[in-house]
Amino acid sequence: MTPSILSAEGLSGIVFLCFLAATVAGAFIAVGAQRLIRSVAGLALSFLGVAGLYYYLGSPFVALMQLLIYVGAVCVTIVFAIMLAENDDGPNPKRKAILKIAGLPASVVLIWALSALACRTDWVKLPQTGDGSLEGVGRALLTTFGMNFELISLVLLVAIVGSLVLARSGRSKS
């Protein structure tokens, strides 16, 4: 039996497809935009879609962290770096075409490798670590998922350093 589009399952499927479309569209905008600020906007849209997928999959805390860390911190840091950098003429169009041609096979190989790895991995369901309360989430972050918490900090540090390098390299030497 196929669920109706107006049923709960049908509407849930539409919401999932909207989040998926936002993620993919944002990724394409981020990769294909001519201006750097539009790429950042596409990246933010893709992150928003991923946050929606997390929420859809029943993990509102991870969705909130996705919004705070990636949209709120990483994208804003990159925007500040773009604002601090001076405009230049952009990359050489011939070099850009070579990068696009080289990037396509690399992307296909990466997608194939990740798909093969995902299919061969024995996925283990994590044990339930708390009741979902704020105290339980905080305790789990500092005990069970302490390494993940530290890796998030590392991602933020890399984003800040990368933005500083982008801002520094955008300025002329004079």
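In the predicted model, Val137 is located in helix 5, and with a relative accessible area of 18% this residue is buried, because the value falls under the 20% limit. Along the chain, Val137 and Phe61 are 76 residues apart, yet a distance of 8.2 Å separates their C-alpha atoms.

Helix 5, which spans residues 134–142, also contains Glu135 and Arg139, placed four residues apart, or about one turn of the helix. The side chains of Glu135 and Arg139 are joined in a salt bridge, with a distance of 2.8 Å from N to O. Under the criterion of a side-chain nitrogen of Lys or Arg within 4 Å of a carboxyl oxygen of Asp or Glu, the count of salt bridges comes to one. Both partners, Glu135 and Arg139, are exposed, whereas Val137 of helix 5 is buried.

With regard to overall architecture, the secondary structure of the protein consists of six helices and zero strands, and the pattern read along the sequence is α-α-α-α-α-α. The protein has 174 residues, of which 18% count as buried. Among the contacts with a separation of 6 or more, 58% are accounted for by residues 24 or more positions apart.

The packing of two of these helices can be described residue by residue. The axes of helix 2 (residues 36–56) and helix 3 (residues 60–84) come within 8 Å and cross at roughly 175°; since angles over 145 degrees count as roughly antiparallel, helix 2 and helix 3 are therefore roughly antiparallel to each other. On the side of helix 2, the residues that make the contact include Leu36, Ile37, Val40, Leu43, Phe47, Leu48, Tyr54 and Tyr55. Helix 3 contributes, among others, Pro60, Val62, Gln66, Leu67, Tyr70, Cys75, Ile78 and Ile82 to this contact.

At the surface, the protein exposes about 13200 Å², and carbon and sulfur atoms supply 71% of that area. A nonpolar patch on the surface is formed by Met147, Leu151, Leu154, Leu157, Val158, Val161 and Val165, which together have about 660 Å² of accessible area. One of the patch residues, Leu157, is found in helix 6, which covers residues 146–170. Leu157 has a relative accessibility of 48% and therefore counts as partly exposed, a class that lies between the 20% limit for buried residues and the 50% limit for exposed ones. Because patch membership requires over 30% relative accessible area, the value of 48% for Leu157 satisfies that requirement.

Conventions:
Residues are numbered from 1 along each chain as its sequence is written. This is a predicted model: local features need pLDDT of at least 70, side-chain atom pairs count only at pLDDT 80 or more; totals for chains, interfaces and linings use all residues. Side-chain values use heavy atoms; hydrogens and water are left out. Helices (H or I, at least four residues) and strands (E, at least two) are DSSP runs, numbered from the N terminus. Buried means under 20% relative accessible area, exposed over 50%, partly exposed in between (1.4 Å probe, protein chains only). Contact means heavy atoms within 4.5 Å. Accessible areas come from the Shrake-Rupley method with a 1.4 Å probe; for residues, only the protein chains shown count as cover. Patches are made of residues with over 30% relative accessible area and no salt bridge: like charges are joined within 9 Å, nonpolar side chains (Val, Leu, Ile, Met, Phe, Trp, Tyr) within 5 Å. Axes are lines fitted to C-alpha atoms, for helices over the stretch in contact, and angles run from 0 to 180 degrees between N-to-C directions. Angles under 35 degrees count as roughly parallel, over 145 as roughly antiparallel, 65 to 115 as roughly perpendicular and the rest as oblique.
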